[in-house]
Amino acid sequence: MNKISKHLPEIRIKYAWLLTQQVAEPMLAYYDPDSKLRERKEYEAIAAQYEKWWMPHEQRILEAMHEVTGLTFKQNVIDVHVAPFFYAFSSPLVIGVQFQSQQKLVSTLTHELVHRLLMDNVSHDDSNTIDEWTQLFGERDFVELVHIPVHSVMHEVFIDKLSEPLFLKSEGLEHASYRNSWKYVEEQGYQAINKKLRNLYLP
């Protein structure tokens, strides 16, 4: 796929059949031996649906992420691995098969891409990132700390850049640490937090 801007990566969403075979199947057999996975074609259809949901928003979201942070991904292609028995994580970027709406899928994938951008970009060595974020945001549990910048960037992307604040409604806040990071962003202000991040990454 050709991008208008060279700093935007291609996002490839595919069913990860090897991850299913080597990880999901043994996990299911251990935790829930009476159940079974769906057919491969069903998971391929889910991955295809995710791609259809994501593509209309991809370029605007990636461009907004770049504008908010000033950062550029190291990779020009980012693979999104779709597999059962997972929720979502950023490295490698894996998402599960439980997302039932475009809004939830787009919000979740944006969340994971922000994680990736903040930790794997061409501008900053990530070896001291946690210490640097602790200096910016204070001593906090790990999950809360790493989600303050993610939630802050997401706020500016969806509110200021895309004028799509409803996407923020789909952000999962079931975990207490997620709620605490969200609260911190709302109290301190996402624009002020993102300014601190830009000063850190682009002195």
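## Helix α1, salt bridges and local features

Helix α1 covers residues 17-31, and at 1.5 Å a residue its 15 residues should span 21 Å; the end C-alpha atoms are 20 Å apart, which agrees. These values come from a predicted model.

Helix α1 is bent by about 35° at A24. A proline, P26, follows A24 within four residues. Which residues of α1 are buried? They are T20, A24 and L28, so each of them has under 20% relative accessible area. A24 is thus named twice: as the place of the bend and among the buried residues of the helix. The buried residues of α1 pack against strand β1, which runs over residues 10-15.

Just ahead of that strand, P9 is found in the segment before β1. P9 counts as buried because its relative accessibility is 1%, and the limit for a buried residue is under 20%. P9 and T72 are 63 residues apart in sequence, but their C-alpha atoms are 8.9 Å apart in space.

**Salt bridges**

Side chains of opposite charge can pair when their charged atoms come close. The count for this model comes to five salt bridges. The table lists some of them, including the pair R12 and D79.

| Pair | Closest N to O distance |
|---|---|
| R12 and D79 | 2.7 Å |
| R40 and E44 | 2.9 Å |
| R140 and E144 | 2.8 Å |

What does the salt bridge between R12 and D79 tie together? R12 lies in strand β1 and D79 in strand β2, so the pair ties together parts that are 67 residues apart in sequence. R12 counts as partly exposed, at 31% relative accessibility, and D79 is partly exposed too, with a relative accessible area of 28%.

The pair R40 and E44 lies within one element: both residues are in helix α2, residues 40-69. They are four residues apart, which is about one turn of the helix. R40 is partly exposed, with a relative accessible area of 43%, and E44 is partly exposed at 37%.

Are the partners R140 and E144 buried or exposed? R140 is partly exposed, because its relative accessible area is 29%. E144 counts as buried, because its relative accessibility is 8%, and buried means under 20%.

**Surface patch and backbone features**

Y30, Y31 and F85 form a nonpolar patch on the surface. Together the three residues have about 410 Å² of accessible area. Y31 sits at the end of α1, since that helix covers residues 17-31. F85 lies in the loop between β2 (77-82) and β3 (88-90). F85 is partly exposed, with a relative accessible area of 34%. Its backbone also has a listed feature: F85 has a positive phi of about 75° although it is not a glycine.

S163 is another residue that has a positive phi without being a glycine, here of about 55°. S163 is found in the loop between α5 (142-161) and α6 (176-188). At 54% relative accessibility, S163 counts as exposed, because exposed means over 50%.

Which peptide bond is cis? The bond from S91 to P92 is cis, with omega near -5°. P92 is found in the loop between β3 and β4, where β4 covers residues 93-95.

Key: Residues are numbered from 1 along each chain as its sequence is written. This is a predicted model: local features need pLDDT of at least 70, side-chain atom pairs count only at pLDDT 80 or more; totals for chains, interfaces and linings use all residues. Side-chain values use heavy atoms; hydrogens and water are left out. Patches are made of residues with over 30% relative accessible area and no salt bridge: like charges are joined within 9 Å, nonpolar side chains (Val, Leu, Ile, Met, Phe, Trp, Tyr) within 5 Å. Accessible areas come from the Shrake-Rupley method with a 1.4 Å probe; for residues, only the protein chains shown count as cover. A salt bridge is a side-chain nitrogen of Lys or Arg within 4 Å of a carboxyl oxygen of Asp or Glu. Helices (H or I, at least four residues) and strands (E, at least two) are DSSP runs, numbered from the N terminus. Buried means under 20% relative accessible area, exposed over 50%, partly exposed in between (1.4 Å probe, protein chains only). The expected span of a helix is 1.5 Å times one less than its number of residues. The bend at a residue is the angle between axes fitted to the seven residues ending there and the seven starting there. Contact means heavy atoms within 4.5 Å.
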